[in-house]
Amino acid sequence: MTTLPTPLAQLADLARNLRWSWNHEATDLFRRLDPDLWEQTNHNPIALLEQLDEGKLRAAADDADYVAAVARAVGDLDAYLHDESWFDRTGMALGRPLVAYFSMEFGLHESLPIYSGGLGVLAGDHLKSASDLGVPLIAVGLRYQNGYFRQNLDQSGWQQDSDEDNTPEHLPLTPVAGPDGQPITVRVRLLDREAAICGWLVQVGRVKLYLLDTDLPENDEEDRRITSRLYGGEINMRIRQEIVLGIGGYRFLEAVGDTPVVYHMNEGHAAFLTLEHLTRTIERQQCTFAEAREIVRPSLVFTTHTPVAAGHDYFSPHLMETHFADYVAGLRLMMHELIGLGRHNPDDYREYFCMTIMALRLAARSNGVSKLHGKVSRGQWHDLWTGTPEQDVPIDHITNGVHLPSFVSPEMAGLYERHLGFRQGVAPSDPAAWAGIREVPDGELWVARQQQRARLLAFVHERIRRQDAQHGRTNVGDGFDPQALTIGFARRFATYKRATMLLRDLPRLERIVNNAKRPVQFIFAGKAHPRDDGGKALIQRISQLAHDAPFEHRLIFLEGYDIGVARLLVQGVDVWLNTPQRPYEASGTSGMKAAANGVLTCSTLDGWWVEAWDDAARDHEEIGWAIGHGEESDNTEHQAHIDAQALYELLEREIVPAFYERSIDGVPHGWTARMKRSIARIAPYFNTERMVREYTERFYLPGIQAARD
Ligand SMILES: *Cc1c(COP(=O)(O)O)cnc(C)c1O
């Protein structure tokens, strides 16, 4: 890193704790230094400080206001790290980590691309809220040298995938070393050899995240690539990644000395940690597998995240035998008994081994991620508990949330601060604290809405210029209208999310978008998995349509979806569109981010939305729009047709009229009233502060208590 002038030296400290990313003042300190470079580095403060022009650094060092702002931010971080926390008041704190959270992906910020979508962002938000609440949690993931992938479209709109560059020097990664200064490494056995694993520390507020890495010179070429790409390899690669995460991660925590009491598996990917936990218990207690299983049970927490079959890892018996031939002895099991842990029917020797099944069998506490998903999961895995009535299947639910300080815009944070007294937009999960939103003058809320939309459209304008230049298209100017009703759709392009529902009747869509008095514009973004040609075809269809005359300037596909683009979209649009095929969206979280910014949701009744919707309906309050009535059908084509009709009707009869229904003061009072109801009902509940408190009170603390007894 460039040597910083003394008055600015502490900028480097700020840059190395991700807490800056959910603090508007700290973020502004970096942006102010060089707004263009800030964009070019994709909001990476370490890269920014490294590349910053000396003159600009000196100017900042001479600017008394700037230097004072740095001191304030440092003081603020210090207070954040050391103030008494919510967890301190539980009386359970021991001054050491008690919970280890394992996840294949973490979506913390766009500048650290080790995530693919909602699952990762949820994990990132979990860490941030654990930090805010002071929950003594540490986390384990993998450092992907090439990330997931960076998205570009070619001339024809077909997705091209390129590498991210996760070089540690440009990222807030610190090598994890022992007291002797030597890097800490652990080993796992893979086939006929052992692979070494080192780790990097990412500081997320008070929470430590260790990212494991096999890219070491002492490893085989093949093993060095284990941590190269998220969800990139075929099945042989996948099982090795999961061995590194689960078994390697367990050993790494032990080597570092951060031994937790409770292990939380975020999705089945991490479930091999249970085997290591059992092996170590058997070794220590000199007991049988069955005894060890009872001992470790209370310390295991498992969260399942999807009813989609492809979302669960299945390994063939052969693959399991290859990788666990030596390992199984330590468990005091026969190979078929080990594989049986992950089978619906343990005696069916042909059945594949499923990580989710093993996790469900071994963990004392398991959950789905919304009320509906809890129920769907109990049905999905019912056969693991023969004789138990479905409603008694031990899979609970804790509904997902989002980390509000990470996603609430500066405009809305300011408004919450002025009217609700929230500090820096840090909003408590107390409904009473939010009730005051109903008293905010409509005009003020509307001004914030307009500002947010303008900021998004300025970004869209810039992106269109860049995309057009890249594709050799002559830029025909930007016809997007900062005053027009703007509707967003952005998420992974998994087919069940039905991104192209809106395009089923193009003449009808054309009439909606091109109404001269009430124009409507749509912004799409999202990545398809590199091997999902179906998802890529949907992207191509949208991107091609965006260049057809009737839809030009009314529809756009933004390339390179990431957390930064997501943040702008959920803050800037007026309506957030969500069209999953029920019941495949376990929760969904992007709509929660949007709601906290006063954006109204229009969604099928799936995942989190049906929960929010039913709750509001009980009080006869309208908080957004529901597409359909929560139908589930095996005839996907027919269902998509019906849902599309319902969506068009909503747009034509309700959404567009409500947006353009203005009073003499230019404010759509019906719309702002709906915004207030939506914020008041959704924000206090659908956030990760509430969620992490639930995990702590219902899952972590009982697990810790059980371990002590
Ligand atoms: C929030 C978020 C998601 C999740 O979107 P859903 O609509 O809940 O599927 C995916 N990707 C990114 C980058 C996000 O920020």
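Begin by selecting Glu267, whose place is in the loop between β9 (262-266) and α10 (273-285). The model on screen is a predicted one, and at this position its backbone has a positive phi of about 80°, although Glu267 is not a glycine. Is Glu267 buried or exposed? With a relative accessible area of 3%, Glu267 is buried, because burial is taken to mean a value under 20%.

For a second positive phi, move to Leu191, which is found in the loop between β6 (186-190) and β7 (193-204). The phi of Leu191 is about 55°, and this residue is not a glycine either. Leu191 is partly exposed, its relative accessible area being 28%, whereas Glu267 is buried.

The next backbone feature is a peptide bond: select Arg582 and Pro583 together, since a cis peptide bond joins them, with omega at about 5°. Pro583 has its place in the loop between β18 (575-578) and α23.

**The ligand and its shell**

Helix α23 (590-595) leads to the ligand, for this helix, together with α7 (118-133) and α22 (563-572), belongs to the elements that give two or more residues to the shell around the ligand. Which residues come nearest to the ligand? Of the 13 residues around it, these are Arg491, Lys497, Thr589, Ser590 and Lys593. If you colour the shell by residue class, you will find four nonpolar, five polar and four charged residues.

Three contacts deserve a distance label in the viewer. Draw one from Lys497, where a polar side-chain atom lies 2.7 Å from an oxygen atom of the ligand. Draw another from Thr589, which takes part through a backbone N or O atom, 2.6 Å from an oxygen atom of the ligand. The third belongs to Lys593, where an N or O atom in the side chain is 2.6 Å from a ligand oxygen atom. A surface calculation completes the view: taken alone, the ligand exposes 390 Å², and the protein buries 96% of that.

Stay with Arg491, one of the residues that come nearest to the ligand, and add Phe489 to the selection. The charged end of Arg491 sits over the ring of Phe489, 4.5 Å from the centre of that ring. To see another arrangement of this kind, select Arg19 and Tyr80: here the charged end of Arg19 sits over the ring of Tyr80, at 4.2 Å from the ring centre.

**Aromatic rings**

A pair of aromatic rings is described by the distance of the centres and the angle of the planes. Counting the rings whose centres lie within 6.5 Å of each other gives 32 aromatic pairs. Among them is the pair of Phe659 and Tyr660, which is edge-to-face, with 4.9 Å from centre to centre and 80° between the planes. Phe659 is buried, at a relative accessible area of 0%, and Tyr660, at 18%, also counts as buried.

Select Tyr685 and Phe686 next: why is this pair edge-to-face? The ring centres are 5.0 Å apart and the planes stand at 80°, and planes over 60 degrees apart count as edge-to-face. Within this pair, Tyr685 is partly exposed at 31% relative accessible area, while Phe686 counts as buried at 4%.

A group of rings can be selected in one step: Phe272, Phe315, Phe324, Tyr327 and Phe353 form one aromatic cluster. From Phe324, pass to Pro317, found in helix α12 (residues 317-324). Pro317 counts as buried at 13% relative accessibility.

**Distances along the chain and across space**

Keep Pro317 selected and add Arg438, which is 121 residues away in sequence and 58 Å away in space, C-alpha to C-alpha. Now repeat the exercise with His641 and Met501, which are 140 residues apart in sequence and 8.2 Å apart in space, again from C-alpha to C-alpha. His641 has its place in helix α25 (residues 636-660), and its relative accessible area of 39% makes it partly exposed.

The last stop is Arg449, which lies in helix α19 (residues 442-470). Arg449 is buried, with a relative accessible area of 0%. What does the side chain of Arg449 reach? Label the distance to the backbone oxygen of Val573, which the side chain of Arg449 reaches at 2.7 Å.

Notes:
Residues numbered from 1 in each chain as written. Predicted model: local features only at pLDDT ≥ 70, side-chain atom pairs only at ≥ 80, totals over all residues. Heavy atoms only, no water. Phe/Tyr/Trp six-rings, centres within 6.5 Å; stacked < 30°, edge-to-face > 60°. Buried < 20%, exposed > 50% of the residue type's maximum accessible area, 1.4 Å probe, protein only. Lys NZ or Arg CZ within 6 Å of the ring centre and 35° of its normal. Near = heavy atom within 4 Å. Polar contact = N/O pair within 3.5 Å; in protein donor to acceptor, adjacent residues only side chain to side chain. Areas by Shrake-Rupley, 256 points an atom, 1.4 Å probe, with all protein chains shown as cover. Helix = DSSP H or I, 4+ residues; strand = E, 2+ residues; numbered from the N terminus. Nonpolar A, V, L, I, M, F, W, Y, C, P; charged D, E, K, R; others polar.
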